[in-house]
Structures are given as C-alpha cells and as structure tokens.
Amino acid sequence: MQTKRFSRSLVAVAVVVAISAGFVAGRHGATPQWIDNAHAAGAVPALQTTPPAPQPAPVMPAEAARATGVPDFSGLVDAYGPAVVNISAEHVAKTKLSSPQQQRRATPFGNMSPDDPFFQFFKRFYGDQFPGGGGQGQGGDDDGGSAQDQNSMSLGSGFIISQDGYILTNAHVVAGANVITVKLTDKREFRAKVVGSDKASDVAVLKIDAKSLPTVKIGDASKSKVGQWVVAIGSPYGFDNTVTSGIISAKARSLPDETYIPFIQTDVPVNPGNSGGPLFDMYGNVIGINSMIFSRTGGFQGLSFAIPINFAMKIKDDLIKSGHVERGRLGVTVQSVNQSLAQSFGMTKPQGALVSSIDKDGPAAKSQLKPGDVILSVDGIAIDDSASLPTIIADMKPGATAHLQVWRDKKEKDIGVTIGAFPNASKVASDDSNASQVKLGVAVRSLTADERRQASVAGGLLVEQVTGPAAAAGIQPGDVILAINGQPLTAADQLKDRLANAGTSVALLIQRNSQQIFVPVDLE
C-alpha cells in the first residue's frame with residue numbers, strides 16, 4: 001500500500017491513501033488476494049452497441065425533497081451514471097522457470113509445484129514466511145525453459161468527457177499498467193490507451209475506440225461552496241457504479257507532498273476503487289475527481305479529497321495536445337504567515353506567502369526577490385495563504401513574467417520575475433490520437449549534460465516510466481534510448497515523430513549499465 005504520512009504532529013498518526021483498489025491472482029485460477037492502493041490499467045476487445053445520449057442536467061425532485069427533507073439524487077444517477085466507468089489495470093511480470101521438475105519448490109511439506117492448490121493455500125496462510133514461496137525452483141534456470149506469467153490486477157474508476165471516447169481518471173490508477181480495460185454500465189468492455197498521464201497532478205487521460213458515448217457535464221469547482229451536497233459514483237472494491245453522498249467539508253486544502261493540488265475536502269464515503277471517479281454537485285455537474293482519503297486504517301474515516309475539475313481540465317488539455325504538462329517554477333521556499341509573524345513585519349493581518357529561502361539556481365535568484373519578503377499577490381491575484389502560491393505559479397508558462405507584489409520593510413514593493421520551467425518534466429512519447437500506430441508506451445526526457453558525460457553518449461532519451469509494448473519488450477526505467485530504427489534520438493519529439501512513421505514493430509538501441517543492445521518492440 002502506498003501511503004503518505006502527514007508531517008504535522010497533530011495528525012502524525014494518520015495517512016493519506018490513494019484510493020485505487022487491486023488484487024493479485026495467478027494464472028491457474030487462484031483465489032484473488034485483495035491489496036490496497038495498487039496502480040491500475042486493463043484491456044478487452046470492444047463490443048458494438050451504442051448507448052443513448054446523455055439527458056439534460058437533473059435537478060433534485062422538489063416533491064421528494066419536500067416530503068423527506070433530504071435530497072434525492074436518483075435523477076442525477078439516471079442521467080450521468082452511464083458515463084462513469086470501471087477501469088481495471090493488468091500488470092504482467094515474466095518469471096523464468098525451467099522444466100516442470102525444476103519448477104517444484106522445497107517446502108516443509110515436501111517438494112510442491114506452485115500450481116498445486118495446497119501450495120497456494122500455504123503461501124497465502126504463511127505469507128512471505130512460507131519457505132519456497134518466492135524465488136526460483138530447484139536447479140535454477142540455466143537450461144532455458146519457459147516463462148510463466150504472474151499477473152496482478154488493480155481497479156479504479158473514471159468518467160467519459162467526450163462522445164468519441166476520452167476518459168478522465170487518476171494517474172495512479174493506470175501507472176505502470178500493461179493493459180487497460182474500461183467497462184461501461186451496459187457491460188461493454190473496451191481496450192484503452194493512455195493519451196497522457198501526469199504524476200504531479202495525479203491526472204490521466206485515456207481513450208477508447210467508440211462513438212456516441214454517454215458523457216458527464218463539466219462544472220466549475222470555484223463556484224461550489226463549503227456545506228453543499230455532493231455525490232460520488234465509482235467502483236469501491238470493484239462494486240461498479242456505487243453511489244455515495246455527503247457535503248463539501250473544505251476547499252483549497254493543501255496536503256503534504258501534493259504541492260500543486262488545491263483539494264476539495266468532503267465527507268463523502270469513498271474507498272479503494274473510487275480513485276478517478278467523478279464528484280458531482282447536486283445539479284449533476286462534475287466538480288472534482290475523487291483521489292485520496294485520510295485514514296488510519298486504509299478505509300474511509302470521514303475525510304476524502306478530490307482534485308478540482310477546473311485544475312484537472314487544464315491538465316487534460318495539455319496531455320491531449322502534447323502528452324505532457326509544462327509547469328512554471330519560481331524557485332523559492334515559502335511558509336505561511338501567522339499572527340505573530342504579521343505583527344513582526346508590521347502587517348495589518350496575516351496573509352501572503354513568506355519567502356524563507358531562494359534556490360540559488362532558480363528563476364527568483366535572478367530577480368530582486370529576497371528571503372523575508374512576503375508575496376501578497378501574483379499578477380493581481382491575491383495570495384491569502386502560502387498554499388495557493390505554488391498552484392498559481394505552476395499554472396504559468398515558462399518564460400512568462402510574473403508581477404509580484406511583496407511586503408518588505410513595512411511597505412509594498414513590485415518585483416518582476418521571469419518564470420522558469422519545472423525541472424525534470426517528462427514528455428510522454430506517444431502517437432497522435434488519430435494516427436494508426438499503437439503507442440510505444442514510454443515516458444522519456446532528454447539527458448542532461450552531466451548524464452551524457454557519465455554515460456559517454458552524445459544524446460539519448462532517459463526512460464522514466466514504461467507501459468504497454470515497451471514494457472512487454474523488456475524496456476526498463478533508467479534505460480537510455482539512443483536510436484529508433486537506426487536513427488539517433490536527442491529529444492522526445494523526435495521519438496514521437498518517428499513512431500508516427502513506424503510500422504508494426506521498431507528496433508530500439510538502448511544503453512543499460514554501460515552496455516548497448518538492440519531491443520525489438522512489437523507495437524501491436
């Protein structure tokens with residue numbers, strides 16, 4: 001389970017949990033073992049029918065509300081439930097085994113085959129303590145042998161945003177998946193491809209090959225209010241199209257290690273498997289993507305967090321356009337201004353973001369900004385709290401000039417800073433959404449000068465994430481792709497362009513551990 005522990009002492013005993021669900025299962029029908037927080041993706045051929053077009057936005061039936069005193073969301077679910085999908089992700093790892101005799105493993109109960117039901121029972125009962133439960137069989141694999149697939153599957157949710165098959169979900173739902181399957185409420189299943197995935201914002205865009213699909217209606221999270229009723233639809237623990245409701249508990253919530261996301265906090269019951277599903281307001285508008293829960297147990301305990309849809313749609317546009325997201329960078333460390341600090345600085349009230357340090361190599365180091373300055377606004381947008389500054393800066397384009405109003409020496413001062421690019425931004429090399437080629441499935445970036453020098457190469461692309469055909473061919477994170485079909489590579493865009501002209505397979509020249517090898521990749 002992936003968890004993120006709060007550093008603040010008040011909540012040090014709790015964790016923030018990404019709410020995707022998963023299980024692992026062997027080839028031969030072993031009982032699935034559920035595990036929290038696996039990453040997701042999956043695949044299945046499409047069937048051929050067309051669901052009805054979505055209906056106008058529902059409102060709460062007035063009669064029901066008057067009769068019971070509570071809201072009725074049945075109209076919302078009828079209209080937009082069909083646009084919420086179940087996402088399953090398959091991860092396939094190859095375990096090399098040799099002869100059937102060598103596949104048998106020594107256990108306290110004698111030599112047993114991993115296919116033996118009793119072996120699976122004892123392994124689940126004893127877990128990692130069970131002798132023979134891991135590693136290779138007796139005798140190793142020196143004389144070759146066959147490869148056995150060890151599959152893991154994880155589950156999440158998503159929602160359709162266009163009738164031609166674009167789907168929004170969480171990046172952690174599809175991270176590292178070999179095959180992605182999208183299942184609709186009418187039982188149709190489609191193989192999906194990842195158009196783009198952004199780990200920093202936890203937003204991913206999928207595409208399925210279908211037409212006239214039901215869609216949700218995108219709302220405006222900035223217009224939502226604390227105390228409003230909201231509804232989540234998703235697949236907790238794989239239970240498709242489960243509907244839960246609650247209220248917005250807070251807005252613009254900042255979480256540790258989630259620098260750029262101003263989360264919507266709710267008390268809507270969500271659990272593993274709800275990740276990537278929509279958060280609706282009471283009129284059927286999607287205002288967020290359910291992403292995390294705050295929990296001591298891994299299950300729902302009254303605190304859930306959604307990515308505001310306005311934020312997610314900007315990420316979606318970048319991913320569809322270029323496969324990656326560019327973020328602005330200021331290069332400063334900031335902290336909140338409390339009452340005591342405000343008084344010491346001569347401020348009338350606590351506000352703004354206090355600059356505690358400046359990166360000597362960052363954009364702010366080239367400006368007049370100094371540690372001790374309190375940033376009050378950026379381009380006229382007030383900074384009420386330090387948590388809002390990273391989101392505003394990240395949304396700016398590298399090269400743009402940010403006009404900062406700062407508090408220094410008990411008076412206001414205007415400072416201009418040229419925004420830099422966030423370092424190590426990955427570009428996902430993929431084909432155009434209308435191209436006929438299948439995506440290679442890698443996230444890459446150009447090597448830095450130091451990396452080229454250490455690797456003794458003139459160019460190349462560093463592989464940061466691998467899925468799909470590339471993963472199946474054995475490409476790994478950390479590999480350096482030097483050439484494709486004999487053509488040298490120095491930029492991610494070159495890989496994208498050359499994939500567009502590739503056939504059904506490509507040959508990649510990669511460098512791994514100072515050795516160069518050619519790896520054939522079947523794009524189908």
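Buried means under 20% relative accessible area, exposed means over 50%, and partly exposed is anything in between (1.4 Å probe, protein chains only). This is a predicted model, where local features need pLDDT of at least 70, side-chain atom pairs count only at pLDDT 80 or more, and totals for chains, interfaces and linings use all residues. Residues are numbered from 1 along each chain as its sequence is written, and side-chain values use heavy atoms, with hydrogens and water left out.

**Exercise 1. Decide how Lys 496 should be classed: buried, partly exposed or exposed.**

Step 1: place the residue. Lys 496 sits in helix H11; helices (H or I, at least four residues) and strands (E, at least two) are DSSP runs, numbered from the N terminus.

Step 2: check the number. Lys 496 has 27% relative accessibility, so the residue counts as partly exposed.

Step 3: look at the rest of H11, residues 492-500. Its buried residues are Ala 492, Leu 495 and Leu 499. They lie on the same side of H11, because they cover an arc of only 55° around the axis (the arc is that of the directions from the helix axis to the C-beta atoms). As background, an α-helix has 3.6 residues a turn, so residues three or four places apart point the same way.

**Exercise 2. Work out whether the span of helix H6 agrees with its residue count.**

Step 1: get the expected span, which is 1.5 Å times one less than the number of residues. For the 14 residues of H6 (309-322), that should be 20 Å.

Step 2: compare. The end C-alpha atoms of H6 are 20 Å apart, which agrees.

Step 3: see what follows. Just after H6, Gly 323 takes a positive phi of about 85°. Gly 323 is 173 residues from Lys 496 in sequence, yet their C-alpha atoms are 9.9 Å apart in space.

**Exercise 3. Find out where Ile 309 fits in the packing.**

Step 1: start in H6, where the buried residues include Ile 309, Phe 311 and Leu 319.

Step 2: go to the largest nonpolar core (buried Ala, Val, Leu, Ile, Met, Phe, Trp, Tyr and Cys residues joined through side-chain atoms within 4.5 Å). This core has 48 residues, and Ile 309 is among those with the most contacts inside it.

Step 3: list partners. Leaving aside neighbours within four places in sequence, Ile 309 is in contact (heavy atoms within 4.5 Å) with residues including Phe 159, Leu 168 and Val 286.

Step 4: don't mix up the cores. Apart from this one lies another core of 21 residues, among them Ile 475 and Leu 523.
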